[in-house]
Structure formats: structure tokens, C-alpha cells
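Biologist: I'm new to this one and have it open on my screen. Please walk me through it piece by piece.

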Amino acid sequence: MLKTHHCGELRLEHVGQHVSVAGWVHRRRDQGGLIFLDLRDRSGIVQVRIDEQDQPAAHAAGSSLRSEFVVQVIGTVVARPEGTANPELPTGEVEVVPESVVVLNASKVPPFLVNREDVVDEEAKMRFRYLYLRRPNVQKNIILRHQVVKFIRDYLDERGFVEIETPILFKTTPEGARDFLVPSRLNPGTFYALPQSPQQLKQLLMVAGYERYFQIARCFRDEDLRGNRQPEFTQLDLEMSFVQRDDVMALIEGLMTTMANKFVPEKQLLTRPFQRLTYTEVMEKYGSDKPDLRYDLAAVDVTDIAGKSGFPIFVQNAGEGKPIKAIRVPKMGANSGMQLRKETANLEDLVRTVGAKGLAWMAIPEKEDEEVKGPIGKYFTVDQKLELFARVGIQPGDLVLFTSDQRDIVYAVVDTLRRHLAEKLELADPNVLAFAWVIDFPLFFWSEEEQRWDPSQHMFTMPVPEDVPYLDSDPGKARGSQYDLICNGQEVAGGSIRIHERAVQEKIFPLIGQTMERAKEQFGHMLEAFEYGTPPHGGIASGIDRLIMVLSGETNIREVMAFPKTQNGADLMAGAPSPAEARQLADLFIRVVEPAKKS
RNA sequence: GGAGCUGUGGUGUAGCGGUUAACACACUGCCCUGUCAAGGCAGAGACCGCGGGUUCGAAACCCGUCAGCUCCGCCA
């Protein structure tokens, strides 16, 4: 080894020891006859002091050092003189006095500063990924990720889970996301699909009697990227036999709580045990099935009151059964008239992007004797206003936003406004983890496009027991035994109890537009397996990347992945994807068709 | 497939119709023996993403295009 110690571990107790440390030049402070060097490795930073008088050779070497050079320093640990310790640094009470300073490798001037946390152009981050990953704050995220995954493995191992790998080359399925396909050379014209999740395989492992399975599983979905979505990502995937919904939820809740306490003890859990909210509840209040519960900004239904006002749009919408919802924004109504008009115009532009036709508002004055501001105040009688204010919990100085439209648009508006306002007003406490369960999802959503029911999770989700009769009478009313875990506005896990009886499964297929013949083609292996003694089972999958985002407080998934892709799905460092050689294509019996040029 | 934002020395930004294109950090050289975002002095470095157009004149205005980002659709 070229090093006897890591830079960040040297303390007063090492004083007098002869050590060898090696790492990168974090900073160099050259005062002529005296050079201070901050040497950095993964463990941290230690100061090296090179005195021209005492160590002329080392001093000469030190003078030539530049940022990000890789050097080895052999020398003695000494206590810093009185008054020169640096309390900011864990190693701040000591420094290394070198006998020799050896450049192991020089470095070009990096394209951005590695020794600062400055914002960097996203393209540069990607193109020089290895340099971005060298930044201490990024290393922290990547190492946290390792520790969390190790914790999960240990936690589940202690509870009798077996980690089992499942194939990356598997079978395409018609349901769900678009598959990444891999051509088969040995079977011309046929394709494997990369797994969207090991869903089917883990259920088959339950049939196989493993009882408790888990996997840190890479998953692939060929859909457009988002700030919290990459085409390949990692899930903690698990499945348990002989369990009911609460068993799976309790396991995950224990895991998440222990993990949060262990890795981010400074962050408070919003509630313990995690609160359980129904799908209907979160949609009506927050317009989202994964609301950020660190702040309120909840929507209140005021259809009855506003529908009786004189505002024609509200009256008409209420008559057509469209909801009218109000959101109270504390303090924002106290702005000047001009600011208010500007703000509300911005908000109106924002909600138009999700399909709203407009945005009504009222600003409540801080002084009692002033009039309510805003375009719709005049349509409400004094009594209606009082009733409204009581319902919504209005305080002086508040701004109240109103939205009314088809229900799904109202939801989108509420969600969009909440996210936007929370960010603008800095309402989300970064030191809170707002874990919550969302339960009682509808088993199906009606697809207008396809004119049929679509499973809201997947086709193997068991209905809650008392809703099984709805499968025949009113499928839209059936709730699934699904549970999602949300935290700070992210869905961090989702699972369900599965159907293990063929009779129930056979009721599902026709509802989602699958004939039995087609179902047998696609899922014959599953149906067949279920006839050989299938235990009741259920499970859950948790997005590791999103979990690390939430724990580290990052707002983008790229910050917690070592080598992520751009929004176009490209790797700017390696230049993937790239065209294949003609020879490779020939081996695979693949011919490339040039995409049609836009005229 | 659609909407929006951004693109100016290596990095982050300013400039938004006429500027020797400004500033900070980084970089180079010199000075400096207790610094730790070291300091001081001097200096180099940008045809303003690319292609058209408007104009006497474009970094700036218009059109197109490329790239990055955010969002909608999509993501069981």
C-alpha cells in the first residue's frame, strides 16, 4: 500500500507517528517559503505543511503541485501550533510534515472546480462524470447509497429473507411500460425484453416455496425521463408468502424507520407510525397520489357554497357536477394590488399548462375594515363569504385560490399549485421525512382510449376481500389491496397482496380486455404455476434511487446515481447509444430503417 | 408527440440594437514562513451553441436547428 493512513482519519493521537498518506491536491496555499497543502482522499482532508528551510526537496516538489494532482506524502504527524488549529476540519488539530512529496500522477486543469460545490453545467457534469463524482458532496451520496443497500441486505437477512437473482434477459409483456428489447442471435427474429421489474419471477419464487425473497434489482423501462425517473433504475424488490397487507407494511415501515434513524438522525419523521391515507382522501385534498405532506396547502371542497354565489362559471360548473375547490395560501394576500395581480397571473399561466381554463382568487385584507380584493369577491354575499372563510379556515392576509373543472383537471391544478407554492414560499422543511401510506386504490381505472378497464397497479393485484363481488357488478368500485409508501412528494415504494387463486384471476382478464386465449399466450406460465399449490403471498418494491434522493435531500435522481443518462437517454461521457457495426447487425438479423425526416 | 426555460473566456454570471463584451472564481508568472474560500502585484484567455434573416449596425430582434434542463403526454 502506498498509504498507511487515510487523510481524514489523522488526529492528535497520531502525533509523532511516521505516516504515508496519498490522495488528490484539494488546495494549495503557497506563501513562498511555506506551502500548505490540503490533501484529500475519500475519507477527508488533511493539511500538509512544507517548510522551505527544513524540507527543501519536498518544498520544490510542493511548488510544482496543482489542483487534482495525485500525490503521496511520507512524513510525520505533528500537532499544529497554538492558535492555528482549524475547528472546521476533523483533522484540524494536526498536520503532516513531509520528508518526501511524490507526484504519482499530474492532472490537467479540470473543466470545473472539483474542490467546490459550485453549480456546474449539466453537460459538463455528464461528460466529465468521473470528475463530478470526485466531489466530496457527490461521493457522500454514492457512499450513502452503498450503506443503505448494505443495511437493507442485513435487515432482510436477519428476518429470514433470501436474496435471489432473476434474469435480465426475459420475456416481453404487453402490459405496462415500453420494453427495452434485446435481439436473440440464436433465435433469429425473436427478442428478449429487459425486466420492468421482477414481478412475475418473484411470484413464481413464492410458488417455489422460498417464502421470503428479496433482490436489489435493476429495472428497465423505455419511457421518457424525468427529474426522478431514469430508464434504468434500482429497486428493492421483495415478496413474502402467508402474509396479509399489514405484514408487508409493518416490515417496510420498520425498515424505513430504522434506516432513517441510522443514516439521517437529524431528520424527523413526520408521524410514527406512518399515517395511512386513502387514495380518495389524498386526491381530494392534495390532487396527487403522492403528495408532499411536509406542508398543508390542502384543497377544500367549496362546491356547495361557491355554486350558490353569483359567479357564473362556478354556478354552471356546480350544476354540471364539477367540483369547486379552494386553497388557502397564508400571508400571500397581504401583497400590494399590483404584486397580487402579477402573482395570480403567473399562477394562472402555470395552471393552464395542466389544462385549467383560468384561476379565480380572493385576497383577504389584513385589516378588518378593508374590502376583499380579487375579481370574484363581488359575486359572493357577505354571508357566503363568511361561510366560505369558516370552511377554508381563512385568516387575515391570506390569498385564496379557486379552481373548478372536470375532477381530473382540478386534481392536476391542486397538485401543481401546491408544488409551485411550496417551493416559492419554502414551505417544505428539509429536515422532515413525511412518510405515509396510501391505501385503498381503485383496482382499475377506466381507459377512455381503450374503452376498457386498466389495472391501476398490475393484473395480479388482489381486490380487498370485501370488494371481490364488485368484479362482477361494478368493477370501478373495487379497491385493490395495494399500498404505496410516499415520502416528501415521491412514491418510494408500492406493492400489493397478489391473486393466488385462478378463479379470481380469470375474472380480471376479461375486464382488462384480455381474452383467455391471449392471457394464456402471455401469462400461461403464471396461470399454470398457480395450479400447483400457490401460497397466499404479497410483496412490495421500493425505488432505491428515490429513497436516496429523499434521504440526501437531493431534488434530482442524477445526483444519487453514479452514471445517469440525460433527458434524451444519452451517456455523454461514453457516447451511448451509438450505431452498431454492420457485422453486428447481420449476426442479429437486424436491418436499420432510417427514421422519416421531418419536412 | 407537445409546452416552457437556458446556451456569452475553463466555470458561474452581467450585458438585451452602437460597449476596447464587464465581473467573480479558476488559470499563468512574480512577491510572500501560519495559511486553511490565504493575500498582494502583473498577465493570458470569448469571433457571445450552430445556420439563415431583419437592420447602416446583432451577443442582443425574427426564423430554423442542435444540446442541456423542467413539465405535460407516457411511466401496470
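Biologist: How many bridges hold β2 and β3 together, and in what sense do they pair?
Modeller: Strand β3 (residues 44-51) pairs with β2 in the antiparallel sense, over eight bridges. Two strands pair if DSSP finds at least two bridges between them. Helices (H or I, at least four residues) and strands (E, at least two) are DSSP runs, numbered from the N terminus.

Biologist: What about the reliability and the numbering?
Modeller: This is a predicted model, where local features need pLDDT of at least 70, side-chain atom pairs count only at pLDDT 80 or more, and totals for chains, interfaces and linings use all residues. Residues are numbered from 1 along each chain as its sequence is written, chains are lettered from A and ligands numbered from 1 in the order in which they are written, and side-chain values use heavy atoms, with hydrogens and water left out.

Biologist: Back to the strands. Through how many residues does the hairpin join β2 to β3?
Modeller: The hairpin linking β2 to β3 goes through two residues. Asp 41 has Gly 44 as its bridge partner in β3.

Biologist: And what does β1 do with β2?
Modeller: Strand β1 (residues 18-30) pairs with β2 in the antiparallel sense too, over six bridges. One bridge links Arg 29 to Phe 36 in β2. These two strands form a hairpin with three residues between them, and Gly 32 in the turn has a positive phi of about 90°.

Biologist: Why is β2 largely enclosed?
Modeller: Seven of the eight residues of β2 (residues 34-41) are buried, so the rest of the structure largely encloses this strand. Buried means under 20% relative accessible area, with exposed over 50% and partly exposed in between (1.4 Å probe, protein chains only).

Biologist: Okay, on to the RNA. How many residues surround strand B?
Modeller: RNA strand B has 49 residues around it, and the closest are Arg 49, Gln 53, Gln 457, Asn 556 and Asn 568. A residue is near a strand if one of its heavy atoms lies within 4 Å of it. β1, β2, β3 and α2 (122-127) each give at least two residues to the surface near RNA strand B.

Biologist: What's the mix of residue types on that surface?
Modeller: Twelve are nonpolar, 19 polar and 18 charged. Ala, Val, Leu, Ile, Met, Phe, Trp, Tyr, Cys and Pro count as nonpolar, Asp, Glu, Lys and Arg as charged, and the others, Gly among them, as polar.

Biologist: Which parts of the RNA do the protein atoms sit by?
Modeller: Of the atoms of RNA strand B within 4 Å of the protein, 51% belong to sugar or phosphate and the rest to bases. For a base example, a backbone N or O atom of Asp 30 lies 2.9 Å from a base nitrogen. A polar backbone atom of Pro 111 is 2.5 Å from a sugar or linking oxygen, and one of Gln 567 is 2.7 Å from a phosphate oxygen.

Biologist: New topic: which residues touch the most others in the largest nonpolar core?
Modeller: Leu 156 and Leu 238 do, in a core of 67 residues. A nonpolar core is a set of buried Ala, Val, Leu, Ile, Met, Phe, Trp, Tyr and Cys residues joined through side-chain atoms within 4.5 Å. Helix α6 (residues 245-263) gives the most to this core, nine residues. There's also a second, separate core of 22 residues, including Leu 347 and Ile 409.

Biologist: Is Tyr 155 buried or exposed?
Modeller: Tyr 155 counts as buried, at 9% relative accessibility. Tyr 155 lies in helix α4 (residues 136-158). Leaving aside neighbours within four places in sequence, Tyr 155 is in contact (heavy atoms within 4.5 Å) with Leu 251, Gly 254, Leu 255 and Thr 258. Tyr 155 and Thr 258 are 103 residues apart along the chain, with their C-alpha atoms separated by 9.3 Å.

Biologist: And Asp 237, where is that found?
Modeller: Asp 237 is in strand β10 (residues 232-241), and is buried with a relative accessible area of 1%. The Asp 237 side chain makes a polar contact with the side chain of Tyr 213 (2.9 Å). A polar contact is a pair of N or O atoms within 3.5 Å; within protein, one must be able to donate a hydrogen and the other to accept it, and residues adjacent in sequence count only if both atoms are side-chain atoms.

Biologist: Last one: how many helices and strands are in chain A?
Modeller: Chain A comes to 17 helices and 23 strands, and buried residues make up 49% of its 599 residues.
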